[in-house]
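Work through the three exercises below with the model open. Try each task before reading its solution.

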There are 2 protein chains.
Amino acid sequence: MGILERKEKQREEIRKMILEASMQLFVKEGFENVSIRKIADLIEYSPTTLYIYFKDKNEILFHLCEMGFERMIASNLALIQIENPIDRLYLLGENYINFGLENPEYYDLMFIQNAPMKTVREQNVGYWPNGDIALETLKLIIQECMDKKLIQSGDVATISMAVWAVAHGLVSLAIRQRLERLVEPDKVVQSMHESIRWMINTLKKA
Amino acid sequence: MGILERKEKQREEIRKMILEASMQLFVKEGFENVSIRKIADLIEYSPTTLYIYFKDKNEILFHLCEMGFERMIASNLALIQIENPIDRLYLLGENYINFGLENPEYYDLMFIQNAPMKTVREQNVGYWPNGDIALETLKLIIQECMDKKLIQSGDVATISMAVWAVAHGLVSLAIRQRLERLVEPDKVVQSMHESIRWMINTLKKA
DNA sequence: AAAAATAATGAACAGTGTTAATAAATTGCG
DNA sequence: CGCAATTTATTAACACTGTTCATTATTTTT
């Protein structure tokens, strides 16, 4: 059935077109300015056509979210070269903060917005492949730190949660303009890095 | 000029009416379901009338946000009875988490949404009275801990930032359904409390 | 070639925040 | 008091939003 295959390929190509147009709008005009009609305009289709290829807007946002994770995962490529897991954890944290500050729109979708998670939950088992990969990276590093007795042992998930919470707390408060209420605006980024460094240092000592 | 005074009072009363109707919708139907038209319907005014009393929707959301902070500050009343600043910090953290989990809609407005901060920035000097009070509470406790040599000394703002980041990271990831990707859903709340406890314990030791 | 399936669309629904023009009520003043 | 000025409230409209339905056009299958 070569025809069915080719049809499937065509379908996938249009899906890709839609997602690429969405991403273009997304990075240029920001999350709030992505609308079905604007995407449709960009690829010169009618708005209703998008609903043939995606269930709803949430599903499109979900895929953009996954693309964001791909970028983040790619930015973590340098990690494998670092043998000391604590140093690796430190770089992971730095990367996380930098990614969030440099790609606030992606960060929003990946860690703040509800929309993509709605699609995740709608899928049979909670399909969030790239998101899960990113979390797995963190857990693996924490686990290795424990195995090598570099940090106190405990529940991996809970410690991972604490580390994630610091990093996410910093980034999300920063991109939502809350941190500049605590430190002067031009010192926010510096303080964020100090905080994450402090966090990992205390992990070491503990 | 008693008439002008009374007029001002009337004006203030209608503003209150609008805010109370907004809050009613807000706590019952959630943040996303508060619309100018629904508020207007509830108080039996036309939608455009609201624009006589508030500049825009952001300004209404800003006031709801401030009301959220009032609730949060009220829930911290028990703090003053605790003499040990570390214990006080611990209760502050617990209160913060509980408040966030019990009032996710308020929490959203106070710490996640952009809308209220837009109004804050539009005002002359960045008017965020209740938000600033809440942050001041945290800073004062941290300062007292340092003064009494209960935690290592350093930049108060930066340490406060780290503490806030953990708490906010936990709550915001929780209410945005991200934490259940790391620990089983029924253990999320427990792990959150463990994380904040761990955080303050390591602060103590450091 | 006719029938069935797929793809695409225009029109419409029910909503959103916001503004301009207009009507109604209230207040200030001679 | 009566008239003008101001304040308050409303209706209509603009320019959007996500989404659905009925209809048309295209393609595939029989």
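The exercises cover a DNA strand, two domains and a chain contact in a predicted model.

**Exercise 1. The surface near DNA strand C**

Task: find how many residues surround DNA strand C, and which are the closest.

Solution:
1. Select residues whose C-beta atom, placed from the backbone, lies within 6 Å of the strand.
2. For DNA strand C, 19 residues result. The closest are Thr48(A), Ser35(B), Ile36(B), Asp56(B) and Lys57(B).
3. Assign them to elements. Two or more residues each come from helix H1 (2-29) of chain A, and from helix H1 (2-29) and helix H2 (36-43) of chain B.
4. Sort by class. Seven are nonpolar, five polar and seven charged.

**Exercise 2. The domains of chain A**

Task: state where the domains of chain A lie in the sequence, and how many residues join their contact.

Solution:
1. Read the bounds: domain 1 of chain A spans 1-54, and domain 2 spans 65-205.
2. Take the C-alpha centres of these two domains. They lie 30 Å apart.
3. Look at the contact. Domain 1 of chain A gives five residues, and domain 2 of chain A gives four.
4. Class the domain 1 side: four nonpolar, one polar and no charged residues.

**Exercise 3. Chain A against chain B**

Task: determine which helix gives the largest share of the side of chain A that touches chain B.

Solution:
1. Count each side. Chain A brings 36 residues and chain B brings 36.
2. List the elements of chain A that give two or more: helix H6 (104-112), helix H8 (129-147), helix H9 (156-175) and helix H10 (188-205).
3. Pick the largest share. H9(A) supplies it, with 13 residues.
4. Divide the chain A side by class: 19 nonpolar, 11 polar and six charged.

Notes. Residues are numbered from 1 along each chain as its sequence is written. Chains are lettered from A and ligands numbered from 1 in the order in which they are written. This is a predicted model: local features need pLDDT of at least 70, side-chain atom pairs count only at pLDDT 80 or more; totals for chains, interfaces and linings use all residues. Helices (H or I, at least four residues) and strands (E, at least two) are DSSP runs, numbered from the N terminus. Ala, Val, Leu, Ile, Met, Phe, Trp, Tyr, Cys and Pro count as nonpolar, Asp, Glu, Lys and Arg as charged, and the others, Gly among them, as polar. Domain bounds come from an automatic or database domain assignment. Two residues are in contact if their C-beta atoms, placed from the backbone, lie within 7 Å.
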